[in-house]
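Colleague: Got a minute to go through this model with me? I'd like to talk over a few backbone oddities and where they sit.

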Amino acid sequence: MVIRRMKEEDAPRVALIEADNFSVPWSEKSFREAAAKADTIYVIAEEDGEILGYAGAWCVFGEADITNVCVRKDCRRKGIAEQLLQFLIAEGVGAQIRTYFLEVRESNAAAICLYEKFGFQKIGIRKNFYEKPVENGIVMSFLQ
């Protein structure tokens, strides 16, 4: 498996994974634009030409907002999300990112556990942040 920066041409396959995993998915266009921007870090996990997962962050003034961490349903529980986050944070060092933020569904215990493993701490709640179904988002932060 290889972790690498996302390219614009990865957007169609990434958008398919997104649509299979989220009730309000990002569009192919959104991923294409995110991959092309200079102030973002988007990475994918790839094996034998197949995209297994992806992660991304928008960066500004030494801070990054992690917008996506997703692994194909048939590839979960293999440490892929952990490797994606490691690579994303390592790329952030080069971009002089010191602080990371993210939101996660209250009910997503596996993701919360992963983020805590990286040192993320719960810093707040965004009431009814998520749709379909409506659910609070836990705001987490990590200082590198």
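Modeller: Sure, and keep in mind that this is a predicted model. Let's begin in a loop: Pro-133 sits between strand S6 (121-130) and strand S7 (135-143).

Colleague: What is the peptide bond from Lys-132 to Pro-133, cis or trans?

Modeller: Pro-133 belongs to the loop that links S6 and S7. For the bond leading into Pro-133 from Lys-132, omega is near 0°. That makes the peptide bond cis.

Colleague: Staying with strand S6, Asn-128 is placed there. Is Asn-128 buried or exposed?

Modeller: Its backbone catches the eye too, with a positive phi of about 50° although Asn-128 is not a glycine. For accessibility, the cut-off for exposed is over 50%. Asn-128 comes in at 53% relative accessibility, so it counts as exposed.

Colleague: And what is phi of Gln-96 near?

Modeller: Gln-96 is in the loop between helix H3 (80-94) and strand S5 (99-105). At 65% relative accessibility, Gln-96 counts as exposed. Its phi is positive, in a residue other than glycine, and lies near 60°.

Colleague: Now Lys-117, which is in helix H4 (residues 109-117). How far apart in space are Lys-117 and Glu-82, C-alpha to C-alpha?

Modeller: Lys-117 is exposed, with a relative accessible area of 58%. Along the sequence, Lys-117 and Glu-82 are 35 residues apart. In space, the C-alpha to C-alpha distance between Lys-117 and Glu-82 is 9.2 Å.

Methods. Residues numbered from 1 in each chain as written. Predicted model: local features only at pLDDT ≥ 70, side-chain atom pairs only at ≥ 80, totals over all residues. Heavy atoms only, no water. Helix = DSSP H or I, 4+ residues; strand = E, 2+ residues; numbered from the N terminus. Buried < 20%, exposed > 50% of the residue type's maximum accessible area, 1.4 Å probe, protein only.
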